[in-house]
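Dear colleague,

I am handing over the structure below, together with an account of what was found in it. Please read the account with the model open beside you.

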Amino acid sequence: MSKSGSWLELESDPGLFTLLVHEYGVEGVQVDEVYDISKEIKGPVYGFIFLFKWIEDRRARRNPRNDNFVEDPNVINEIFFAHQAIHNSCATHALLSILLNCSDVNIGSTLHQIKFFTDGMSPES
């Protein structure tokens, strides 16, 4: 966060994301750029972050679909998700959502405390 109290926009760079992950205290994880998801990816994949410019006008043009959603409250209550209330914090939210939903990653003490503290909260809290 900057001195003015607003979030700084992060460059969409896997090296920067990896540094951020390590600053969180996570071990054994790095962020890589993927150019073609139809090709084999070597190593474990914990999540994807899709980067694109959001254009509000496109929301109205989306075709409604009958998507399948998770409805089991036991599953829903185990998923970490935080409502993004601060503009330009999407990379931080994406990384936190991926890391806090991976059971087989050593997330370190800081993220473990966040996960414990937020357990049972709604995404809007």
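**Fold and overall figures**

The secondary structure of the protein comes to five helices and zero strands, and from the N terminus on the elements accordingly read α-α-α-α-α. Please bear in mind throughout that this is a predicted model. The protein has 125 residues, of which 20% count as buried. Its accessible surface comes to about 10,500 Å², and carbon and sulfur atoms account for 53% of that surface. When contacts between residues at least 6 apart in sequence are considered, 54% of them join residues that are at least 24 apart.

**The nonpolar core**

The largest nonpolar core is made up of 17 residues, and those with the most contacts inside it are Val-21, Tyr-24, Val-26, Leu-99, Ile-107 and Leu-111. Two elements, helix H1 (14-24) and helix H4 (90-99), give two or more residues to this core, and the largest share, five residues, comes from H4. Leu-99 offers a convenient place from which to look around: once its neighbours within four places in sequence are left aside, Leu-99 is in contact with Val-21, Tyr-24, Val-26, Ile-107 and Leu-111.

**The largest pocket**

The volume of the largest pocket is about 800 Å³. Its lining consists of 30 residues, and those that lie nearest the centre of the pocket are Val-31, Asp-32, Glu-33, Val-34 and Gly-47. The elements that give two or more residues to this lining are H1 and H4, the two helices that were also named above for the core.

**The aromatic pair**

The structure holds one aromatic pair. Its members are Phe-48 and Phe-50, whose rings lie 6.0 Å apart centre to centre with 20° between the planes, and the pair is classed as stacked because planes under 30 degrees apart count as stacked. Are these two residues buried or exposed? Phe-48 has a relative accessibility of 42% and so counts as partly exposed, a class that lies between the 20% limit for buried and the 50% limit for exposed. Phe-50, with a relative accessible area of 59%, is exposed. Neither residue can therefore belong to a nonpolar core, since Phe-48 is partly exposed, Phe-50 is exposed, and a core takes in buried residues.

With best regards

How values were computed: Residues numbered from 1 in each chain as written. Predicted model: local features only at pLDDT ≥ 70, side-chain atom pairs only at ≥ 80, totals over all residues. Heavy atoms only, no water. Phe/Tyr/Trp six-rings, centres within 6.5 Å; stacked < 30°, edge-to-face > 60°. Buried < 20%, exposed > 50% of the residue type's maximum accessible area, 1.4 Å probe, protein only. Core = buried A, V, L, I, M, F, W, Y, C linked by side-chain atoms within 4.5 Å. Helix = DSSP H or I, 4+ residues; strand = E, 2+ residues; numbered from the N terminus. Contact = heavy atoms within 4.5 Å. Areas by Shrake-Rupley, 256 points an atom, 1.4 Å probe, with all protein chains shown as cover. 1 Å grid on protein atoms, 1.4 Å probe; cavity = no way out; pocket = protein on both sides within 12 Å on 5 of 7 lines; lining within 4 Å. Points joined across faces, edges and corners; volume = space filled by probe spheres on them.
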